[in-house]
Amino acid sequence: MPVIDLATTPLRALNQALHDAAAPGHNDTAFEVLNPRGAHAVAVGIAAPVSVDVKGSVGYYCGGMNEQARITVHGSAGPGVAENMMSGTVVIKGDASQYAGATGRGGLLVIEGNAASRCGISMKGINIVVHGNIGHMSAFMAQSGTLVVLGDAGEALGDSLYEARLFVRGAVKSLGADCIAKEMRPEHLAVLAGLLAEAGITDVKPQEFTRYGSARRLYNFDIDNADAY
Amino acid sequence: MCGIVGLFLKDKALEPQLGALLSEMLVTMTERGPDSAGIAIYGAPVAGRAKITVQSAEPERVFPGLEAALAEASDGSASVAVKSTHAVITLDAARLAPVRAALAAMGGIKVTGTGEAVEIFKEVGLPGDVIARFDIPAMAGSHGIGHTRMATESAVTTMGAHPFSTGADQCLVHNGSLSNHNGLRRMLRRKGMSFETENDTEVAAAYLTAEMAGGKNLGQALEGALEDLDGFYTFVVGTRSGFGVLRDPIACKPAVMAETGRYVAFGSEYRALSGLPGIDTARVWEPEPATVYFWEH
């Protein structure tokens, strides 16, 4: 297994090695990254089914644009982790900073600690599971995909939400414009059970969550809604 | 962008390393702002003595005669230690007002900070160069703050660099931009505050100074800032015995903190904290929006 020490190897060499893993004839399937020390853009743009274990905390945009890879950060992540992820899995063992999973199109992002503000902002198909709490303005303009929060959500959850599904187990400080609590039907419980299982969570039941979604009043501009903006 | 750092020591055994630790923290933030940099270090106060840190664009001309020029105003108590473009004047605390008046009358000299404990060094240039110029790594102290600037709303000048100090042993560094600073500056001028620059951060510093002059402690003054300051900000503030952090309610300017039994540290990014002793076992967290944090010795 290649071990890449960022104390001695430039970041570009790491990312190039991870990109090369997608080319024919490359057989490395597991990488370990040492001494990230908060570096930006660790393991971005991977397009191969490799696993990457990062031993420490990372800075901005770790795992951005990921396709197929399983990236595990054994520490915390800075802003924009797994931004625009396409597929694969990113697991953060610690906390994640603001806009985790922003604009993600697919794959699964698991944050075992807390996520800060704007978690899942403009998500477009990604699934995000947060073991702890999320900060304010999370799922802002979220279009599709599912956000699961085992703890509490901050202010203005799901403001101007489209069709993303939000499940929160704890308290929601406030809902954003056009975000409402909705009935939990069997198909929602099934989706939630599947995601909890995928994230390796066995001690929490889907029935403990509340579902939130769009009231669908702001999709098209209507002068009667002006007060809601 | 801008990068800000702060380090508040709980363990006196670390005090000789304060300058070195804070320097390393600031250099990691270089990419966040290459225009200018500055550091404030709080050293051990000496009873009855005050310090004035001054800056001159012509240090070779101005500083050699400075001690003699201040002899009368300081009643012979002033001694001058020159460090590159800055000099630290140490004097009898009772002579502070006449010496400041004498400095103002001289021209060509700007005051970057005054107090019993603080020394403030700031210049245009990269953090590494600014730190080396003033030999910051050799400085000891109990706490300090630093800033590297990417200028957005006022000129890149020495006096436009952070930290800003508007009261004795008070200083502030800022990542962000304020939108109501012109109105606040007018209000503070009416209260008797004076300003060196058109910079928004100087207004925030003066606001806190004015609030604390009115009897508030640092924590109370920061609570007031949440009501009275409009804009984006993450602030780190130093006082003679304390260290505070405040983020605006939107909190888009990054902030990470770490605490161990030996220190409390602040960085714009985790990279700034990654070289601190014991960071792997420290409690690391992001300060909450609109929440005042402060520590005092």
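Here are some short exercises, each with a worked solution, on a predicted model with a chain A and a chain B.

**Exercise 1. Where the chains meet**

Describe the interface of chain A and chain B: how many residues are in contact, and how much area is buried?

*Solution.* Start with the contacts: 13 residues of chain A touch 15 residues of chain B. Next comes the area, since the size of an interface is often given as the accessible area lost when the parts come together. Here the two chains bury about 970 Å² between them, and 43% of that is on carbon and sulfur atoms. On the side of chain A, the residues that lose the most area to chain B are Arg37(A), Tyr60(A) and His136(A), together 42% of what that side buries. Sorting the chain A residues that touch chain B gives three nonpolar, seven polar and three charged.

Now look at the kinds of interaction. The rule finds zero salt bridges across this interface, but eight residue pairs in polar contact.

**Exercise 2. A salt bridge between distant parts of a chain**

Find the partner of Glu31(B) in a salt bridge with an N to O distance of 3.2 Å, and say where each residue sits.

*Solution.* A search over all chains gives 19 salt bridges in the whole structure. In one of them Glu31(B) pairs with Arg271(B), with 3.2 Å between the closest N and O atoms. These two are 240 residues apart in chain B: Glu31(B) belongs to the loop between helix H1 (18-27) and strand E2 (36-42), and Arg271(B) to the loop between strand E14 (263-267) and strand E15 (283-285).

Are the two partners buried or exposed? Glu31(B) has a relative accessible area of 56%, and therefore counts as exposed, the cut-off being over 50%. Arg271(B), at 12%, is under 20% and so counts as buried.

**Exercise 3. Two further pairs and a network**

Examine the salt bridges of Glu211(B) and Glu259(B), then name the residues that shared partners join into one network.

*Solution.* First, Glu211(B) meets Lys216(B) at 2.7 Å, N to O. Glu211(B) is buried at 16% relative accessibility, while Lys216(B) is partly exposed at 31%.

Second, Glu259(B) meets Arg283(B) at 3.8 Å, N to O. That pair links strand E13 (residues 256-259), which holds Glu259(B), to strand E15, which holds Arg283(B), and the two residues are 24 apart in chain B.

Third, the network: salt bridges with shared partners join Glu31(B), Arg32(B), Glu269(B) and Arg271(B).

**Exercise 4. One face of a helix**

Explain why the buried residues of helix H1 of chain A can be said to line one face.

*Solution.* Begin by listing the buried residues in H1 (residues 11-20) of chain A: Leu14(A), Asn15(A) and Leu18(A). Seen down the axis of H1(A), the buried residues fall within an arc of 90°, so they line one face of the helix. A general point helps here: an α-helix has 3.6 residues a turn, so residues three or four places apart point the same way. Finally, ask what covers them; the cover includes strand E1 (3-5), strand E2 (30-34) and strand E3 (51-55) of chain A.

**Exercise 5. Two buried residues of chain B**

Locate Ser56(B) and Phe8(B), and describe what surrounds each.

*Solution.* Take Ser56(B), in the loop between strand E3 (49-55) and helix H2 (59-62) of chain B. Ser56(B) is buried, with a relative accessible area of 0%. Beyond four places in sequence, Ser56(B) touches Val62(B), Phe63(B), Thr85(B) and Gly108(B). A polar atom of the Ser56(B) side chain lies 3.1 Å from the backbone oxygen of Gly108(B).

Turn to Phe8(B), in strand E1 (residues 3-9) of chain B. Phe8(B) is buried too, at 3% relative accessibility. Contacts of Phe8(B) beyond four places in sequence include Ser142(B), Phe243(B), Tyr263(B) and Trp295(B). Phe8(B) and Gly144(B) are 136 residues apart in sequence, yet 6.6 Å apart in space, C-alpha to C-alpha.

**Exercise 6. Backbone details**

Identify the residues joined by a cis peptide bond, then look at the phi of Met137(A) and Met141(A).

*Solution.* The cis bond joins His162(B) and Pro163(B), with omega about 0°. Pro163(B) is in the loop between strand E8 (143-149) and strand E9 (164-167) of chain B.

In chain A, Met137(A) is not a glycine but has a positive phi of about 60°. Met137(A) sits in the loop between strand E7 (124-130) and strand E8 (144-149), and is partly exposed at 25%. Met141(A), also not a glycine, has a positive phi of about 55°. Met141(A) is in the loop between E7 and E8 of chain A and is partly exposed at 31%.

Notes. Residues are numbered from 1 along each chain as its sequence is written. Chains are lettered from A and ligands numbered from 1 in the order in which they are written. This is a predicted model: local features need pLDDT of at least 70, side-chain atom pairs count only at pLDDT 80 or more; totals for chains, interfaces and linings use all residues. Side-chain values use heavy atoms; hydrogens and water are left out. Contact means heavy atoms within 4.5 Å. Buried area is the accessible area (1.4 Å probe) that two parts lose on being put together, summed over both. A salt bridge is a side-chain nitrogen of Lys or Arg within 4 Å of a carboxyl oxygen of Asp or Glu. A polar contact is a pair of N or O atoms within 3.5 Å; within protein, one must be able to donate a hydrogen and the other to accept it, and residues adjacent in sequence count only if both atoms are side-chain atoms. Ala, Val, Leu, Ile, Met, Phe, Trp, Tyr, Cys and Pro count as nonpolar, Asp, Glu, Lys and Arg as charged, and the others, Gly among them, as polar. Helices (H or I, at least four residues) and strands (E, at least two) are DSSP runs, numbered from the N terminus. Buried means under 20% relative accessible area, exposed over 50%, partly exposed in between (1.4 Å probe, protein chains only). The arc is that of the directions from the helix axis to the C-beta atoms.
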